[in-house]
Amino acid sequence: MKRVLLLALALILAFGAAAAADYPTKPVTIIVASNAGGGTDTMARLFAKFAEKYFPQPFVINNIDGAGGQRGFDALARAKKDGYTIGTVYTPHFTAHISANRANYTIDDFDMLYNLVTDPGVLIVPSSSPFKTVEDIIEAEKAAPGALTGSTSGPGSDDAFALAQFNESTGCTVKSVPATGSSNAKATVMGGHVSMGFMNLSQIESNYRAGELRILAMMTHKRHPNVPEIPTFAELGYKVISDSSRGFAAPAGFPEDAYKMILEVFEKVLVDPDFLDAAKEQLETNFLGPDEYKAYLEDLLEVTNRAYEKDPW
């Protein structure tokens, strides 16, 4: 009996070693917790394109949007821990769902990979809007209190936090109009269906440069190098600070060898000159490694926990 057990153990170890040596034998899926065309999707597709230079199998995008990213985050947490599924995480939605007790996951359900983007918030209007400054909006509010609307990504999003700060700081009463994803939010603004939009720079920078949208103010501590001509809210005398980060994670329990190999791919992509040139045009890059990324998310969770206690969403 003992010999049988030892033989079985030897076979299991041999099979595991062979499986690790063979990895990867098929494409790796990237669950993108938003719809196609948005900022997170852009990041994932750009990474996937360059990652294939350093990985013997392709990376395949699977968009699972809805519920402010919660469906995609849940799917990633429940994905098979076989080394063939990773996914995207974006804030503050990721921690906001945990704070609101809606998430079927915790931070510990993920092995963090890399944060790639920290994207500042912007206040935008369509180019046809009569509003050319923040003061124009405040004057319109005084003339018709409660008549203004603003597109956001919904409760618990950085856009919603930004709108709340805007109202508190300016005395306006702009009503939130939640959209299903950043692409729809942008379309709502460009179509003139709302008075303004609370979004992130990467989501609208190309439209701004094409003259389709106007940026009235940045939600940063200082002017952003990509748009140095745009004033910050702080310069205008208002306290509105907001951003959104985007990165990658694997389901906790990811096979160690596969995790190490995926991390090496990230490390090579993030110093690839061609990737950096492409990212410069499309992403607000800010690279954080696994430990730093997890610490950032844990700190953010404390922030969203306090916000939820004060004003639940």
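Colleague: Where is the place of Y54 in the chain?
Modeller: This is a predicted model. In it, helix α2 covers residues 39–51, and strand β2 covers 59–63. Y54 has its place in the loop between α2 and β2.

Colleague: Is Y54 buried, partly exposed or exposed?
Modeller: Buried requires under 20% relative accessible area, and exposed requires over 50%. Y54 has a relative accessibility of 29%, so Y54 counts as partly exposed.

Colleague: Which residues does Y54 touch, not counting those up to four places away in sequence?
Modeller: One pair shows where to look: Y54 and V269 are 215 residues apart in sequence, yet their C-alpha atoms are 7.8 Å apart in space. With residues up to four places away in sequence left out, Y54 touches V265, K268, V269 and D272.

Colleague: What does α2 reach from its first C-alpha to its last?
Modeller: Helix α2 has 13 residues. At 1.5 Å a residue, the expected value is 18 Å. The model is close to that, with a reach of 18 Å.

Colleague: How many of the 13 residues of α2 are buried?
Modeller: The buried residues of α2 include G39, T40 and D41. Further along, M43, A44, L46, F47, A48, F50 and A51 are buried as well. Helix α2 is largely enclosed by the rest of the structure, because the number of its residues that are buried is ten.

Colleague: Which residues of α8 are buried?
Modeller: Helix α8 runs over residues 201–209 and is mostly covered. Seven of its nine residues are buried. They are L201, S202, Q203, I204, E205, N207 and Y208.

Colleague: Which residue with a positive phi follows α8?
Modeller: Helix α8 comprises residues 201–209. The residue in question follows the helix and has a phi near 80 degrees. That residue is G211.

Colleague: What is the radius of gyration of the protein chain?
Modeller: The chain contains twelve helices and ten strands. For 313 residues the globule rule gives 20 Å, and the chain comes close to this, so it is as compact as a globular protein of that length. Its radius of gyration is 22 Å.

Colleague: What share of the contacts with a separation of 6 or more comes from residues 24 or more positions apart?
Modeller: The pair Y54 and V269, at 215 residues apart in sequence, is an example of a long separation along the chain. For the protein chain, residues 24 or more positions apart account for a share of those contacts equal to 76%.

Terms used. Residues numbered from 1 in each chain as written. Predicted model: local features only at pLDDT ≥ 70, side-chain atom pairs only at ≥ 80, totals over all residues. Heavy atoms only, no water. Buried < 20%, exposed > 50% of the residue type's maximum accessible area, 1.4 Å probe, protein only. Helix = DSSP H or I, 4+ residues; strand = E, 2+ residues; numbered from the N terminus. Rg over C-alpha atoms; globule rule 2.2 N^0.38 Å. Contact = heavy atoms within 4.5 Å. Expected span 1.5 Å × (residues − 1).
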